[in-house]
There are 2 protein chains.
Amino acid sequence: MKKVALLFVLSVLIFTCKEEGKIIDSEMPKVEQESPVTSIKEELDKANNLNINYDEDAQFSIVIHGGAGTILKKNMTPEKEAEYRAKLEEAIRKGYEVLKNGGTSLDAVTKAINVMENSPLFNAGKGAVFTHEETNEMDASIMDGKTLNAGASAGTTNVKNPIDLARAVMDDSPHVMLSGKGAEIFAAENGLEIVDPSYFYTDRRFNALQKIKATEKTELDHDDKQAFYDSDIKNSKFGTVGCAALDKYGNLAAGTSTGGMTNKRWGRIGDAPIIGSGTYANNATCAVSSTGWGEYFIRAQVAHDISAMMEYKGVSLEEAAREVIHNKMGKLGGTGGIVAVDKNGNMVFEFNTEGMYRASMNDKGNLKVEIYEKN
Amino acid sequence: MKKVALLFVLSVLIFTCKEEGKIIDSEMPKVEQESPVTSIKEELDKANNLNINYDEDAQFSIVIHGGAGTILKKNMTPEKEAEYRAKLEEAIRKGYEVLKNGGTSLDAVTKAINVMENSPLFNAGKGAVFTHEETNEMDASIMDGKTLNAGASAGTTNVKNPIDLARAVMDDSPHVMLSGKGAEIFAAENGLEIVDPSYFYTDRRFNALQKIKATEKTELDHDDKQAFYDSDIKNSKFGTVGCAALDKYGNLAAGTSTGGMTNKRWGRIGDAPIIGSGTYANNATCAVSSTGWGEYFIRAQVAHDISAMMEYKGVSLEEAAREVIHNKMGKLGGTGGIVAVDKNGNMVFEFNTEGMYRASMNDKGNLKVEIYEKN
């Protein structure tokens, strides 16, 4: 009886507190309406059981990004803008079709990213930026929210679609992350499309590298660190692509693919292939793909921190994403953003840069394609 | 008045619930006594401000591990055990001296790990295991809980002390993670000790590789995946080393160094160099170093998840570590453990294997050296 009485009093209290609005936030210990889950395993089991019931009308949704950065309308020609919008729409429609036809979120993520990898517009696959040594070294990762399985590859130079390699690492190896020549051998052994490294050459990216190298040379007080922090150089790294999706079966997935930073050296690995930083998916919470200044996304554990905040604090995806991008990663000094979907199909774009190439589609087929901060 | 009344009722209720013990866990929305922190930045600022007051009597502490796995007393000779205990004691005393003399937790972590890297007993540095191609490829990472800065290196073959390289990446580059040949060039440019790859040859590790390769060949139904999951092979990977420490200034740090898995191929990268998986430190919560089956530690985001659970759920380090190792990583199928220190100097060992080489020391100089699950 004592238990029941207590439960009743607490319920009344919670209701009263809710009515009082902000009082509860500022002056009292937090009472979360949706109490955080004690075991992720329980949540996963619950989510996976629900998924058995295939629902033709189930909500599904997909979000993509093509990089964040100093993207200003004044620097963009109408033709260039149209080109970006068209490619973003092509990519998201590709993923949407997969979901609509009953495909998995993993397939939708892979296919949507493939479209952007095969375009020279984005810093991934065909449009990858150049390293200091004038090579193209690509990173990618993917994660399955149902099983928490994941795959990643770092520093490959001849795999046409790095996201396919990340997927193969997840599906066909006992590993999560492969790198360099070894990853290329694995890709070839697993029948992925191998191209000559010259496939990744584009005038635009090569010229960007030369411009940065010239800037380095002419800066009297330059050192490697200074040159790297130069705003011209900093902004040249943007263009990573990524996708997060929820399928009809209630399964979340996220993936990210990138050429990294222009002029990167010493085998630098950014956040894109790092599970928890560039990519994270968990059916109990959300699926996230990051883009931006990778070092800060690793230090702030951006993708996993959003999920953890939802799981342990019981906040919404929107709130968690805002907090992590602006108050955590942002306050460390980082710039960039994320796209994410939660387990109910809610989609979020969040970034602290002037723009982010992005698009979303829900199960009603409603399409949104945006570039600037204020569209 | 209404606010004050509400506050009073809630306080009484919390007190009553506490008295009721477990009722609150099982039947009611969770009311955290210590409400989770809204901004990590605030916590960091607070922690850093406190640290300005150098306190001669401040609590400091240090924990190390030399790997977890199927370590059974029946398989160990008294001589071998004495050798491990002596080296663990040497390593932790090295770190302890740094802290006692007013050094930083980053220095203590680096120095303690150096001792284990320079010993053939552990799978790091001198004792690194062999890859499938009969090379030694080492990974390491380190993180500073005060600034959330971090450094990591993956797949180096000629850097004598990979933890020093991780430290140099953090201190002397704008990057968090470097890999392969590029990382080796960076190491040489930054004056780190470069050795001939043959320095890492040990009969013991080479023979272990040959044994595993023979097992692969003789298994009729073997495929790469199967061979990898074989328990002999699985256990051959243990021996990663790591350290977590709190210094007199209230700053936390953690570091990890490894040769990875025996027979690893395709440039496989495990959790040791992955910030958030193998290593994480945050003055607001704790410092963690992992050891075990790396793939599962990445998928479960072990090191960061422990910190996030403390931050957002307000639980103790002990509780968070137990939950993550046994109910999250463990239930995915992974094996291994962690050592960790929280911001108040509390130390935790947590593992789901038969043993973990480990040691701890607090500011009173109390030393603990343990190997088996039950010592």
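Contact here means heavy atoms within 4.5 Å. In this predicted model, that criterion gives Ile338(A) a set of contacts beyond four places away in sequence, including Val302(A) and Ile306(A). Val302(A), Ile306(A) and Ile338(A) are also among the residues with the most contacts inside the largest nonpolar core.

**Nonpolar core**
- The largest nonpolar core comprises 97 residues.
- Its most connected members are Val302, Ile306 and Ile338, each listed for chain A and for chain B.
- Besides Val302(A) and Ile306(A), Ile338(A) touches Val288(A), Ser289(A), Ser290(A), Phe297(A), Ala321(A), Ile325(A), Val348(A), Phe349(A), Glu350(A) and Met356(A), with residues up to four places away in sequence left out of the list.

**Helix pair between chains A and B**
- Helix α12 of chain A and helix α12 of chain B each span residues 302–313, and their axes come within 9 Å and cross at roughly 45°.
- Because of that crossing angle, α12(A) is oblique to α12(B).
- The crossing of α12(A) past α12(B) is right-handed.
- On the chain A side, the meeting residues are His304(A), Asp305(A), Ala308(A), Met309(A), Tyr312(A) and Lys313(A); on the chain B side, they are His304(B), Asp305(B), Ala308(B), Met309(B), Tyr312(B) and Lys313(B).
- By type, the residues of this contact comprise six nonpolar, two polar and four charged.

**Gly292(A)**
- Gly292(A) belongs to strand β8 of chain A, which covers residues 286–292.
- Gly292(A) counts as buried because its relative accessibility is 11%, and buried means under 20%.
- The C-alpha atoms of Gly292(A) and Gly69(A) are separated by 7.2 Å, although these residues are 223 residues apart along the chain.

Notes: Residues numbered from 1 in each chain as written. Chains lettered and ligands numbered in written order. Predicted model: local features only at pLDDT ≥ 70, side-chain atom pairs only at ≥ 80, totals over all residues. Heavy atoms only, no water. Core = buried A, V, L, I, M, F, W, Y, C linked by side-chain atoms within 4.5 Å. Buried < 20%, exposed > 50% of the residue type's maximum accessible area, 1.4 Å probe, protein only. Axes fitted to C-alpha atoms, helices over the stretch in contact; angles between N-to-C directions. Helix = DSSP H or I, 4+ residues; strand = E, 2+ residues; numbered from the N terminus. Parallel < 35°, antiparallel > 145°, perpendicular 65-115°, else oblique. Left-handed = near helix turned anticlockwise from the far one by under 90°. Nonpolar A, V, L, I, M, F, W, Y, C, P; charged D, E, K, R; others polar.
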